[in-house]
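Good morning, and thank you for making time for this presentation. I would ask you to keep the sequence and the structure in view while I speak.

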Amino acid sequence: MTHYISTDPQQHTIPVVPILLGTYETWFAAQNNYLQSIATHQKLDKQAGQFLVDYKADGEIAKVYLTVDDDLNPYSMCHAFNAFPLGFYHIESETEEIAAAVILAWGFGSYRFDRYLEVKTAATLCVNESEYASELSIIKATCLVRDLINTPADDMGPTEMSQFAESFAEENHTTFTEIIGEALLTENFPSIHIVGRASHKAPRLIELNWGDENNPKVSLVGKGVCFDTGGNNMKAAQFMRWMKKDMGGGAHVLGLAQLIIDHQLPVCLQVLIPTVENAVSSNAYRQGDVAQTRSGQTIEIGHTDAEGRVILADALTYACESNPELVIDFATLTGAARVAMGPTVTPIFSNRKEISDGICDAGQTTHDETWPLPLQQSYKKYIKSSIADLSNTGSIPQAGCITAALFLEHFIKPEISWVHVDTYGWNFGDRTGGTEGGEALAMHAVFQWLKGQYSI
């Protein structure tokens with residue numbers, strides 16, 4: 001991972017002066033004829049993320065002026081920084097809020113996944129670490145999510161996901177445990193095992209725990225399908241191409257855990273990641289099989305490509321056994337969510353309306369938009385099975401993300417508050433200023449809501 005933000009002090013840095021579009025005319029009137037002429041020629045007042053370089057008489061850069069949306073949306077500026085001249089920069093702003101938005105935009109927009117590439121030199125923003133610790137933490141967590149999703153499955157399978165989680169635990173002073181392979185059966189996690197047993201990298205349940213046990217318990221559960229062929233109901237090539245991202249739920253809960261730990265939220269945190277590869281081999285599970293679950297409920301496998309909800313069944317049941325105050329799951333679960341919402345607005349479901357509404361409001365503040373969808377109870381009839389308690393696929397082609405959420409709800413105790421986030425885990429470059437790849441979607445919004453609920 002590379003993002004071009006540095007906390008190391010530099011002797012000489014170039015000021016970046018943000019200009020809110022709403023105050024552009026005032027700024028323009030105060031400039032000399034030279035700057036006015038260039039600003040007019042470049043149409044600087046038309047959109048956020050445009051910039052103007054002002055030079056000294058000796059040819060060195062004096063300042064860079066950057067236009068910023070009035071609502072301080074960092075994603076509207078992400079494209080700017082890759083075109084900045086080489087050098088070290090600092091933000092010269094009258095308010096911390098504007099500076100914070102530019103820092104986030106720089107971190108999000110300058111990210112590069114360079115594990116297999118030579119690191120390139122680019123314009124670098126210098127930031128005071130203590131003054132903007134929260135923004136730097138958000139960038140760090142976002143890059144963590146992106147790196148995990150962007151890593152090919154051969155280097156980020158269940159084994160490597162476990163190794164990363166163990167390193168994460170050591171770095172953040174959390175406990176780490178895992179249940180691997182056949183031990184999933186003896187420890188009663190059969191639905192995780194049945195999906196992952198066909199891979200040469202054993203399925204597992206990863207668990208991290210952090211915080212004071214006397215604090216309210218929050219459990220995060222993340223779908224960790226490190227590659228999804230679709231199983232015996234194999235995906236076509238164009239749909240399988242990016243299935244390294246199907247562990248995006250696991251990546252999101254690790255990123256969210258990083259934010260919770262960095263901000264020292266007063267919670268007792270549990271992180272659960274059921275981690276598998278949905279592979280094809282002689283012992284792969286089949287369409288029509290019936291899967292056992294930790295809860296005792298049985299699942300008819302209507303389609304082997306609806307594997308994420310099957311592994312989440314055991315993890316959600318286990319999360320509820322310790323009676324947490326809140327369970328939040330992230331999963332790259334359904335294509336239907338993308339049909340309904342597109343790539344960057346994330347549907348959320350909750351058995352507590354005030355929570356889904358609160359996260360939606362937080363998403364408006366953070367520009368990490370979410371939208372509540374209903375747990376339409378009358379739709380439960382579409383996931384009934386004639387030979388098991390549930391089917392893992394709906395009997396109709398409509399409402400796929402709702403029936404998937406209803407499936408998960410069967411493994412949640414009604415008295416426990418629960419949120420399901422059907423995240424995409426990907427962007428096409430329009431969100432980040434041109435870089436397509438893994439993306440943290442709804443993580444910042446959920447954290448912003450959590451911060452309001454569990455303030456120190």
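Helices and strands here are DSSP runs, a helix having at least four residues and a strand at least two, and they are numbered from the N terminus. On that basis the chain has 14 helices and 20 strands. Its radius of gyration is 23 Å, close to the 23 Å that the globule rule gives for 456 residues, so the chain is as compact as a globular protein of that length. Please bear in mind throughout that this is a predicted model.

Some further figures describe the chain as a whole. The C-alpha trace spans about 80 × 50 × 40 Å along its principal axes. Of the 456 residues, 59% are buried. Among contacts with a separation of 6 or more, 76% join residues that are 24 or more positions apart.

The UniProt record, an unreviewed entry, places the feature "domain: Cytosol aminopeptidase" at residues 144-432. Over that range the chain is 34% helix and 22% strand, and the C-alpha atoms at its two ends are 15 Å apart.

Let me turn to a sheet. Six strands form an open sheet with mixed pairing, in the order β1-β6-β5-β2-β4-β3. At its edges are β1 (5-6) and β3 (51-55), each of which pairs on one side only. In general, the strands of a sheet pair through backbone hydrogen bonds, either parallel or antiparallel. Which sense applies to β1 and β6? These strands pair in the parallel sense, over two bridges, and Ile 5 stands opposite Leu 125 in β6.

Beyond β6 (124-126), in the loop that leads to α4 (133-150), we find Ser 130. With a relative accessible area of 66%, Ser 130 is exposed. Ser 130 and Thr 7 are 123 residues apart in sequence, yet their C-alpha atoms are 9.3 Å apart in space.

I should now like to consider strand β18, which covers residues 417-422. How many of its six residues are buried? The count is six of six. As a general point, side chains in a regular strand alternate between the two faces of the sheet. In β18, Ser 417, Val 419 and Val 421 point one way, while Trp 418, His 420 and Asp 422 point the other way.

Strand β18 also has pairing partners. With β14 (residues 326-331) the pairing is parallel and runs over six bridges; there, Ile 328 stands opposite Val 419. With β15 (residues 346-350) the pairing is antiparallel and runs over three bridges; there, His 420 is the bridge partner of Phe 349.

The next topic is aromatic rings. The structure holds 16 aromatic pairs. One of them joins Tyr 24 and Trp 27, a tilted pair with 5.5 Å from centre to centre and 40° between the planes. Why are these residues about one helical turn apart? Tyr 24 and Trp 27 are three residues apart in helix α1 (residues 24-29), and that places them about one turn from each other. Tyr 24 is buried, at 7% relative accessible area, and Trp 27 is also buried, at 12%.

Another pair is formed by Phe 189 and Tyr 318: the ring centres are 5.4 Å apart and the planes stand at 85°, so the pair is edge-to-face, the class for angles over 60 degrees. Phe 189 lies in the loop between α6 (183-186) and α7 (190-196), and Tyr 318 lies in helix α10 (residues 308-321), so this pair ties together parts that are 129 residues apart in sequence. Phe 189 is buried, with a relative accessible area of 2%. Arg 294 lies over the face of the Phe 189 ring, 4.2 Å from the ring centre.

Elsewhere, the charged end of Arg 431 sits over the ring of Tyr 75, 3.9 Å from its centre. Ring pairs also link Phe 51, Phe 81, Phe 84, Tyr 89 and Trp 106 into a cluster.

I close with two alanines that have positive phi. Ala 399, in the loop between β17 (390-391) and α13 (400-409), has phi near 60°. Ala 442, in the loop between β20 (437-438) and α14 (443-453), has phi near 80°. Is each one buried or partly exposed? Ala 399 is partly exposed, at 26% relative accessibility, whereas Ala 442 is buried, at 0%.

Notes:
Residues numbered from 1 in each chain as written. Predicted model: local features only at pLDDT ≥ 70, side-chain atom pairs only at ≥ 80, totals over all residues. Heavy atoms only, no water. Phe/Tyr/Trp six-rings, centres within 6.5 Å; stacked < 30°, edge-to-face > 60°. Buried < 20%, exposed > 50% of the residue type's maximum accessible area, 1.4 Å probe, protein only. Lys NZ or Arg CZ within 6 Å of the ring centre and 35° of its normal. Pairing = 2+ DSSP bridges. UniProt positions renumbered as here; feature names shortened; annotations may be inferred. Rg over C-alpha atoms; globule rule 2.2 N^0.38 Å. Contact = heavy atoms within 4.5 Å.
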